[in-house]
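The exercises below go with the structure shown next; each task is followed by a solution that proceeds step by step.

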Amino acid sequence: MTTKSEPTSTPGSTLPTGRPGKIVAIHLSYASRADQRGRRPAHPSYFFKPSSSVAASGGVIERPEGTELLAFEGEVALIIGAPARRVSQAEAWEHVASVTAGNDFGLYDLRANDKGSNVRSKGGDGFTPLGPELIDARIVDPTALRLRTWVNGTLAQDDTTGGMIFPLAQLVADLSQHFTLETGDVILTGTPAGSSVVVPGDVVEVEVDAPTASGAPTSGRLSTTVVAGTHGFDADLGSLPAVDDKQRAEAWGSAEAAGLAEPAPKGLSDELREKLSQIPVAAISGQLRKRGLNNVSIDGVRAQVPGTRLVGTARTLRFVPNREDLFDSHGGGFNAQKQVFDAVGAGEVIVIEARGETGSGTLGDILAIRAKARGAAGIVTDGGVRDYDAVAEIGVPVFTAGPHPAVLGRKHVPWDSDLTIACGGATVQPGDIIVGDGDGVVVIPPAIADEVADAALAQEQQDGWVAEQVAAGHPVDGLFPPNAEWKARYAQWLKTQ
């Protein structure tokens, strides 16, 4: 794309062949993508891509040697036609000359060390194809553009700008608050759900059109072929590519698409949640013990507010012992701790592995507010809680080893999440069912949760009847637990209920 004072903006014109002065991309902007990622940002956030990453339609993109997770992201690209500096949202669209298709390719193998800057993971040569045709921005409704992406001819993404969290005009106006958007600059406006991994030999096509506008103008299909690169990366110069199952799941779009084992079932039926909310933890513990599960108590934690009950599914977070260099690399920014609290779902319990280390806090009032706002069922940590009184007032159920005023960096590094952890001596997996009350917290494997709940309710009913008999003056011998005679009496009583 050439940087001209008056860029071409007539429908059907060919994309200029030079480079823009700058490319600004947004991290997350479509509701469908936000729902897929489990978090919806309150405000847009951005990163820059180098102009050397621009490529034309019909070109190739290399997946570097030794890498695995090259992902496409079909996007609506805006081309600035007139400089914009501190423009209002109402006038922002007047500064957009053209709209076209873009593909914001990313290499997830390099994402972890980029920490959101995406310099290496999205800045490679050929990682920003644009075109092939321009749509005149003056003849289209910016809220009614359609974006579609195909991989090898199969539709992978299909959404409209009506599904964006932040309207296109807002992105232009917001960016203009911070720096001048110059003629020829490009804004990549985010991708909807459906982004996934491509491999050498795949052909990715992206099209933006305006089906409701006169003449239904279109960008045409922006085509890019993936090829295998012959060059890797030098460990003597910088960090090497690295992937794990979490990166694979995010790159492919889901654990299932990545070929990974599905996580344990999340969520509770309303019926099961209601049952568990009525059953004392002691009764649940007894039923688990009858089934050979003796190591399911999260020890050393107690309800922050007496009388608190807790029922939900586990969302796990792991801290490792503090090491200064590791805290520098993992403790700042949007770290694992903040990611979990920002993504926890309604009815989920954040369970934190802090190794029983109570010498610092593992959360404070701000994160507790975020958990409550997200509808979390509660928080369990075998470490400390800072802002203890303030957290108690927020109202989200918290079970903790106690208060501590220090921030987590004194003892902990937030390391990773959504994996099997150890909390209070108990193994906890994502999706496990967590129940807590004044007696403590237990972990229920989801596969037997209904069975355990029904058996515990039945036992509670029997124990209640036994208590009534004892209160009436009967001795406990033969009654608690009931012998054959008392079992028969109880069975007869049940028939009358």
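**Exercise 1.** In which loop is the place of alanine 216?

Solution. The model is a predicted one, in which local features need pLDDT of at least 70 and side-chain atom pairs count only at pLDDT 80 or more, while totals for chains, interfaces and linings use all residues. Residues are numbered from 1 along each chain as its sequence is written, and side-chain values use heavy atoms, with hydrogens and water left out. Alanine 216 sits in the loop between E15 and E16, where helices (H or I, at least four residues) and strands (E, at least two) are DSSP runs numbered from the N terminus. Although alanine 216 is not a glycine, its phi is positive, at about 45 degrees. Its relative accessibility of 39% makes it partly exposed, given that buried means under 20% relative accessible area, exposed over 50%, and partly exposed in between (1.4 Å probe, protein chains only). Serine 214 also has its place between strand E15 (203-209) and strand E16 (222-228), and with a relative accessible area of 70% serine 214 is exposed. The C-alpha atom of serine 214 is separated by 8.3 Å from that of valine 140, 74 residues apart along the chain.

**Exercise 2.** Describe the backbone at arginine 355 and at proline 132.

Solution. Arginine 355, found in the loop between E20 and H10, has a positive phi of about 65 degrees although it is not a glycine, and its relative accessibility of 33% counts as partly exposed. Proline 132 belongs to strand E10 (residues 128-136), and the peptide bond that leads to it from glycine 131 is cis, with omega near 0 degrees.

**Exercise 3.** Is lysine 22 buried or exposed, and which residues is it in contact with?

Solution. Begin with its place, which is the loop between strand E1 (13-14) and strand E2 (23-26). Because its relative accessible area is 16%, lysine 22 is buried. Next, take its contacts (heavy atoms within 4.5 Å): leaving aside neighbours within four places in sequence, they include Phe48, Phe179, Leu181 and Val186. Finally, consider polar contacts, which are pairs of N or O atoms within 3.5 Å; within protein, one must be able to donate a hydrogen and the other to accept it, and residues adjacent in sequence count only if both atoms are side-chain atoms. One such contact, of 2.7 Å, joins the side chains of lysine 22 and aspartate 185, and the lysine 22 side chain also reaches the backbone oxygen of threonine 180 at 2.9 Å.

**Exercise 4.** How many of the residues of helix H9 are buried, and what do the buried residues pack against?

Solution. Six of the eight residues of helix H9 (residues 336-343) are buried, among them Ala336, Val340 and Phe341. The buried residues pack against strands E19 (310-321), E20 (348-353), E21 (378-385) and E23 (412-417), and against helix H10 (365-373). At the start of H9, a side-chain oxygen of asparagine 335 comes to within 3.1 Å of the backbone nitrogen of glutamine 337.

**Exercise 5.** Place these details within the whole chain.

Solution. The protein chain has 13 helices and 27 strands, and its C-alpha trace spans about 95 × 50 × 45 Å along its principal axes. Of its 497 residues, 50% are buried. Among contacts between residues at least 6 apart in sequence, 76% join residues at least 24 apart.
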